[in-house]
Amino acid sequence: MALTVLSCGSRNEDIPVYLDKTKDIEARVQDALSRMTTEEKVAILHAQSKFSSAGVPRLGIPEVWCTDGPHGIRPEVLWDEWDQAGWTNDSCTAFPALSCLAATWDREMSLLYGRCIGEEARYRKKDVLLGPGVNICRTPLNGRNFEYMGEDPYLAGEMVVPYVKGVQENNVAACVKHFAVNNQETLRTGTNSNVDDRTLYEIYLPAFKAAVQKGGAWAIMGSYNLYNGQFNCHNKKLLQDILKGEWGFDGVVVSDWGGARDDDEAAAYGLDMEYGTWTNGLTGAASDGYSNYHLARPYLERLRDGRAGEEGLNDKASRVLRLIFRTNMNAETKWGRFTCPEHYQAARDIAAAGTVLLKNEGALPLRVPQGGKIAVIGENAVKKMVVGGGSSNLKTRYEINPLEALEEAFAGKAGVVWERGYVGDISTSYNLVDTGQDLSDDRSPETLIADAVAVARDADCVIFIGGLNKSSGQDNEGTDRKSLEMPYAQQDVIEALAAVTPKLIVVNISGSPVSMPWAGKADAIVQGWYGGTESGHALVDVLTGAVNPSGKLPFTIPCSLEDIPLKTARQYPGIREEGKQYMQEYYDEGVFIGYRWYDTKGPGPQFAFGHGLSYTTFEIAPVKASGRDFAVKVTNTGEREGAEVVQMYIAPAECPVERPAKELKGFEKVRLAPGESRTVHFKVSDEDLAYFDADKHCWVAYKGDYQVLVGVSSDDVRASFPLSLSKTVEI
Ligand code: GLC
């Protein structure tokens, strides 16, 4: 039977402009807007369910679906609940935590990451990915450092841009969060961040600015806290003056879930899409509050009685329509991919590339005689960590833990014996996602240590795998840590093992810095991360040498909590002040956080920002500088292929303000064969030399003599070049 193709009989001129994929987005936006009623415009500005907002059914404009999170596509929840919907097709690829991605210092890896997670979001028919997060690691205690990209605004800015581009290639909006000066979880919805303008512009805004201006981010999420006394989901200075004004942001501002707090401000100060109101973003809900959302009935009332204008409504609605035409109504259809071998491989490669070799006196890479014995000690060798941590919690088909990967790698070659060593967090489920493990253990701490020492005593190599986890008070949304130390008395285990093991290997798995007073007793120390689905394989790839470690610390590891720049309750976690409703937190340390503090005013750290070793060695030699082009020759002087991250810092000239001893302004990761050399060039701009002058409200490159420092970490400079600026430049 011949197939009769029904002709739709329509020609381009009959298709409404907003539906015509040959028309440019702005024309489609304006045409759609012109066809919409006031009620329809308001309806697309706020949630209709936990993670979706309305489209315009009458015009065939689809709903907008959002999904967490920065590390993978959150399992489906019920329409109006935080609980799992119980789908059986939403087990995703869990990619490494973003602190691991930052530790790769590899822009190509970030692009790969964004492309893969964007494909997974698209395949799951999600239009907005609620990530990445780029809040600066101001305190090592912040419960969400694992979701962010470290302590330096330049590194975070350089690493967020490719991620955003990769996501958005899939017609999925990256929603960069949490904007802004949101650097703790303690009282996150009731703390006012008091920050001077210079600190704001030099430290806490640059990564967001890069995401918007270089990455072209289509969405920004306002944060829970207040800044300048206004909630950030409708903060005039941050959203209207800076984000949409100074930076020219043309996307949507999305509230954090429950971050919108006021009818008038939500209408007036830059909020475009309101979600999760009256929840804390993790639990709880106001039953069917949607019609009462700040941008719902209250906004309609303000439009009708003149307290709010049509112009503001059209600006909000245009931004949402632009989001829709960039995503689910994009002229170019994308389909995405989900849990494919390439995504698993990418997760493994990124996790390995972010693994940081902090110390190695010869114990690594592992060398175990045929038939030898490997003793593996520690809960983090087995505990599956994709589950938990808050909104970035994920459900995956599998997660390879380090013990499984070691057993796999040494099958038929050596015995692998595991002992717990300590009991940390035996929970295995979060938000109804369960790893299925049984982590119960009723042995006493003394017995646990004795049992661990017993298997270590005669082992050919001993690997302690511990650190933090995703439970409350650890690396966990909604809570901060109280201490910098490894929890659960892990130090006792490490000390006991070191007493019987001359070449102890310690792997710290965490998303934040932990203090390492035991560092002198370990032959080798590895900073591992929440590596996602393939975390165990990635770690063992590095331990065995299948992958030569090339990760660098995205944050400083201090010797102790006393050394950090936050010395007072006023600085952190904030103080109550007479007559003020919310906690007040003062960023008195100014720009002096992270290595900016330790290099300039603080004590030396345990391990420095940018530090990371390799199984090969590299030589950095200065090459003659010309003008503002500074170059070094990097040579792999070892026996095996490897990658080095060459970092360029600027040491400032004398100027009217106090400045950090050095600031990161460039880096390149170069992969070299044994004996191979490559010249790496850094061009230094006036912007690279500048500080932010709050009084002039502009950047100032002050005349004087600077130093261009090139090295392999913030505390290992291998070449320095003088740079003189003959006159002050205002930018
Ligand atoms: C949470 C988080 C945010 C997340 C959102 C939706 O509270 O702060 O990062 O994307 O709510 O789960």
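# Exercises on a predicted structure

Lys-125 sits in the loop between helix 4 (107-123) and strand 3. The model used in these exercises is predicted.

**Exercise 1. Backbone features in loops**

State what sign the phi of Lys-125 has, and give its approximate value.

Solution. Start from the location: Lys-125 belongs to the loop that separates helix 4 from strand 3. Next read the backbone angle: phi of Lys-125 is positive, at about 60°. Then check the residue type: Lys-125 is not a glycine.

Find where the cis peptide bonds from Gly-131 to Pro-132 and from Phe-179 to Ala-180 fall in the chain.

Solution. Take the bond from Gly-131 to Pro-132, which is cis with omega near 5°. Pro-132 is part of the loop between strand 3 (128-129) and helix 5 (153-168). Now take the bond from Phe-179 to Ala-180, also with omega near 5° and cis. Ala-180 is placed in the loop between strand 4 (173-179) and strand 5 (191-194).

**Exercise 2. The ligand and its surroundings**

Describe the shell of residues around the ligand by class, and name the residues that come nearest.

Solution. First count the shell: there are 17 residues around the ligand. Sorted by class, 6 of the shell residues are nonpolar, 4 are polar and 7 are charged. Asp-68, Lys-177, His-178, Tyr-224 and Asp-256 are the ones that come nearest.

Determine how far polar side-chain atoms of Arg-74, His-178 and Glu-477 lie from an oxygen atom of the ligand.

Solution. For Arg-74 the distance from a polar side-chain atom to a ligand oxygen atom is 3.3 Å. For His-178 the corresponding distance is 2.7 Å. For Glu-477 it is 2.9 Å. Last comes the surface: the ligand taken alone exposes 310 Å², and the protein buries 100% of that.

**Exercise 3. The sheet of 4 strands**

Work out which strands are the edges of the open sheet with the order 22-21-26-27, and how strand 26 is joined to strand 27.

Solution. The sheet is open, has 4 strands and shows antiparallel pairing. Its edge strands are strand 22 (663-672) and strand 27 (716-725), each of which pairs on one side only. Neighbouring strands of this sheet are turned against each other by 20° on average, direction ignored.

Now look at strand 26 (residues 704-713): 9 bridges connect strand 26 to strand 27, and the two run antiparallel. Strand 26 and strand 27 form a hairpin, with 2 residues between them. Two pairs can be traced here: Gly-711 has Val-717 of strand 27 as its bridge partner, and Val-710 stands opposite Ala-719 in strand 27. As background, side chains in a regular strand alternate between the two faces of the sheet.

**Exercise 4. The sheet of 3 strands and its helix**

Identify the edge strands of the sheet with the order 24-25-28, and the angle at which helix 6 runs to strand 24.

Solution. This is an open sheet formed by 3 strands, with antiparallel pairing. Strand 24 (691-693) and strand 28 (729-730) are the edge strands, each pairing on one side only. Strand 24 is joined by 3 bridges to strand 25 (residues 698-701), and these two run antiparallel. Across from Phe-692 stands Trp-699 in strand 25. Finally, helix 6 (residues 197-204) lies across strand 24 and strand 25, running at about 150° to strand 24.

**Exercise 5. The partners of strand 5**

Decide whether strand 5 pairs with strand 18 and strand 7 in the parallel or antiparallel sense.

Solution. Strand 5 and strand 18 (residues 583-586) are joined by 4 bridges and run parallel. Within this pair, Thr-191 has Met-583 as its bridge partner in strand 18. Strand 5 also pairs with strand 7 (residues 226-227) over 2 bridges, in the parallel sense. There, Ser-193 has Tyr-227 of strand 7 as its bridge partner.

Definitions and conventions
Residues are numbered from 1 along each chain as its sequence is written. This is a predicted model: local features need pLDDT of at least 70, side-chain atom pairs count only at pLDDT 80 or more; totals for chains, interfaces and linings use all residues. Side-chain values use heavy atoms; hydrogens and water are left out. A residue is near a molecule or strand if one of its heavy atoms lies within 4 Å of it. A polar contact is a pair of N or O atoms within 3.5 Å; within protein, one must be able to donate a hydrogen and the other to accept it, and residues adjacent in sequence count only if both atoms are side-chain atoms. Accessible areas come from the Shrake-Rupley method with a 1.4 Å probe; for residues, only the protein chains shown count as cover. Ala, Val, Leu, Ile, Met, Phe, Trp, Tyr, Cys and Pro count as nonpolar, Asp, Glu, Lys and Arg as charged, and the others, Gly among them, as polar. Two strands pair if DSSP finds at least two bridges between them. Contact means heavy atoms within 4.5 Å. Axes are lines fitted to C-alpha atoms, for helices over the stretch in contact, and angles run from 0 to 180 degrees between N-to-C directions.
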